[in-house]
Amino acid sequence: MVYAILSVDEKNQVLTTYIWYRQHWIDEFLQWDPAHFDNITQISLPTESIWVPDILINEFVDVGKSPNIPYVYVHHYGEVRNLKPIQVMTACSLDIYNFPFDVQNCSLTFTSWLHNIHDLNLSLWRQPELVKFDKNVFMNQGEWELLYVLSHFQEFSIKGSDRYAEMKFCVVIRRRPLFYAVSLLLPSIFLMVMDIVGFYLPPNSGERVSFKITLLLGYSVFLIIVSDTLPATAIGTPLIGIYFVVCMALLVISLTETILIVRLVHKQDLQPQVPDWVKHLVLERATALLCIRDRNKFSSSKTQSSDISGHMENNDSTAKLNHCSCEDPQECEVAADTRSMPAFPTEAEGCRLMHSLLREITTIRQFLEKHEEFHDVAREWLQVGYVLDVLLFRAYLVAVLAYSVTLGTLWSVWRYA
């Protein structure tokens, strides 16, 4: 009868259980007639004074802290009852791949070390169905839950030698995953959700990069903290460890994507114009594929303000130049007669001044046109960055959701299998 699951050492592959051991056998040399001994039907004798079968556990690896019970009960018809609690430390092949939703199956094999089946045979005292679901004395408040105990009798021989009898009990236990789900899975899920929410920060600001770096550092600290909680073996890694590694890789990919987008939408003055094939693939095809609203604003149309202003400036300059020129000779003579006032500049000086002013205005206009051209290039690269950001975000979201659904399905199947 299993009383408690004391510890499960995944690293050393050792299971420590506390069981109530009940052993019965018939000794023909310990029989008497109660009528000759004042109707005494049962006595207790020290184990050192009688023969005790050498029943051992094959998986036994270490001596536990079991209380010493030095006596056994002997009935008058020769039945000896050895009742004692035993702390058993046994080797067990622990599979931690499904941690923390793992189910372990450890065996306790009782057999005689010296006597073959002709000298000593074994049988189950109770029915196997009663042993299977017997949880009357099990302490069910720990990390492990006892599912059932299977019993099986078999005979075996080693290289054609004498046959031996053995009774094998398979103790099937299941870990309670609530503690690990709260302390390991939920913080990781929260950090991944915050990483997804971080995509809603505008890509043309540097705050997204800082936010992603902070999340990556926080997840690294989280892994350092929980590293002692995860079971470690030399032959395998639990799936939850792979889950943490993949989440870290997704955070790194998210940070890399953010750095590329921020680099794309910043320092546009040093970049050339957007190639036509990029405009066609990103601003036309990708916007239609991603169903982006108002995708007409991503069309490659340049503003005509510079052309309009240039046309207006040309008209004004032509008008002013025509005003300074003299088409009719009589008008020029009349204009020459009006030079009697020396305080005002002459018409020739006014025309020279006007030409100088027009040159300055032309220089300013060219500068503004150049600035407007740089602004158009920056606006186009910003549009490309926004579309690529939406594309990468949706691809990243699909990858995270697919990964989460797969793991959730596997853990649900393992949990309720």
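Which strand does E4 pair with, and over how many bridges? Keep that in mind as you open the viewer. The model on screen is predicted.

**Stop 1: strand E4 and its partner**

Select residues 55-57. This is strand E4. E4 pairs with E8 in the antiparallel sense, over 3 bridges. Now click Leu56. Across from Leu56, in E8, stands Thr111.

**Stop 2: strand E8**

Stay with E8 and select residues 103-112. Is most of this strand buried or not? Of the 10 residues of E8, 8 are buried, so the strand is largely enclosed by the rest of the structure.

E8 also joins E10, through 9 bridges. These two strands run antiparallel. To see the pairing, pick Phe110. The residue opposite Phe110 is Met167, in E10.

**Stop 3: Arg175 in strand E10**

Select residues 163-175, which make up strand E10. Then zoom in on Arg175, which lies in this strand. Arg175 counts as buried because its relative accessibility is 3%, below the 20% cut-off.

What surrounds this side chain? Leave aside the neighbours within four places in sequence. Arg175 is then in contact with Glu10, Phe99, Pro100, Asp102, Glu143, Trp144 and Tyr180. Show those residues as sticks.

**Stop 4: Arg175 and Glu10**

Pick Glu10 next. Glu10 and Arg175 form a salt bridge, with the closest N and O atoms 3.0 Å apart. Arg175 sits in strand E10, while Glu10 is in the loop between strand E1 (2-9) and strand E2 (14-31), so the pair ties together parts that are 165 residues apart in sequence. The two side chains also make a polar contact, at 3.0 Å. Glu10 is buried too, at 12% relative accessibility.

**Stop 5: Arg175 and Asp102**

Move to Asp102. A salt bridge joins the side chains of Asp102 and Arg175, at 2.8 Å from N to O. This pair links distant parts of the chain. Asp102 is in the loop between strand E7 (77-91) and strand E8 (103-112), and Arg175 is in strand E10, 73 residues apart. Asp102 and Arg175 are both buried.

**Stop 6: Glu143, then another salt bridge**

Add Glu143 to the selection. The side chains of Arg175 and Glu143 are joined by a polar contact of 2.7 Å.

How many salt bridges does the structure hold? There are 7. For another one, select Asp134 and Arg126. Their closest N and O atoms are 2.9 Å apart. Asp134 is buried, with a relative accessible area of 11%. Arg126 counts as partly exposed, at 24%.

Back to the earlier group: Glu10, Asp102, Glu143 and Arg175 are joined into one network by salt bridges that share partners.

**Stop 7: strands E3, E6 and E7**

Select residues 42-46 and residues 71-75. These are strands E3 and E6. They run antiparallel and are joined by 5 bridges. Pick Pro46 to see one pairing: opposite Pro46 stands Tyr71, in E6.

From E6, step on to E7. These two strands form a hairpin, with 1 residue between them. E6 and E7 pair in the antiparallel sense over 2 bridges. Click Tyr73 here. The bridge partner of Tyr73 is Arg81, in E7.

**Stop 8: a nonpolar patch**

Turn on the surface and colour these residues: Leu178, Val182, Leu186, Ile189, Phe190, Val193, Val197 and Tyr200. What do they form? Together they make a nonpolar patch on the surface, with about 810 Å² of accessible area.

Pick out Ile189 from the patch. Ile189 is in helix H2, which covers residues 178-197. At 37% relative accessibility, Ile189 counts as partly exposed.

**Stop 9: Val390 in helix H8**

For the last stop, select residues 347-416. This is helix H8, and Val390 is found in it. Val390 is partly exposed, with a relative accessible area of 25%.

Now add Phe199 and draw a distance between the C-alpha atoms. The value for Val390 and Phe199 is 8.6 Å. Along the chain, these two residues are 191 residues apart.

Key: Residues numbered from 1 in each chain as written. Predicted model: local features only at pLDDT ≥ 70, side-chain atom pairs only at ≥ 80, totals over all residues. Heavy atoms only, no water. Patch = residues over 30% accessible without salt bridge, like charges linked within 9 Å, V, L, I, M, F, W, Y side chains within 5 Å. Areas by Shrake-Rupley, 256 points an atom, 1.4 Å probe, with all protein chains shown as cover. Salt bridge = Lys/Arg side-chain N within 4 Å of Asp/Glu carboxyl O. Helix = DSSP H or I, 4+ residues; strand = E, 2+ residues; numbered from the N terminus. Buried < 20%, exposed > 50% of the residue type's maximum accessible area, 1.4 Å probe, protein only. Polar contact = N/O pair within 3.5 Å; in protein donor to acceptor, adjacent residues only side chain to side chain. Contact = heavy atoms within 4.5 Å. Pairing = 2+ DSSP bridges.
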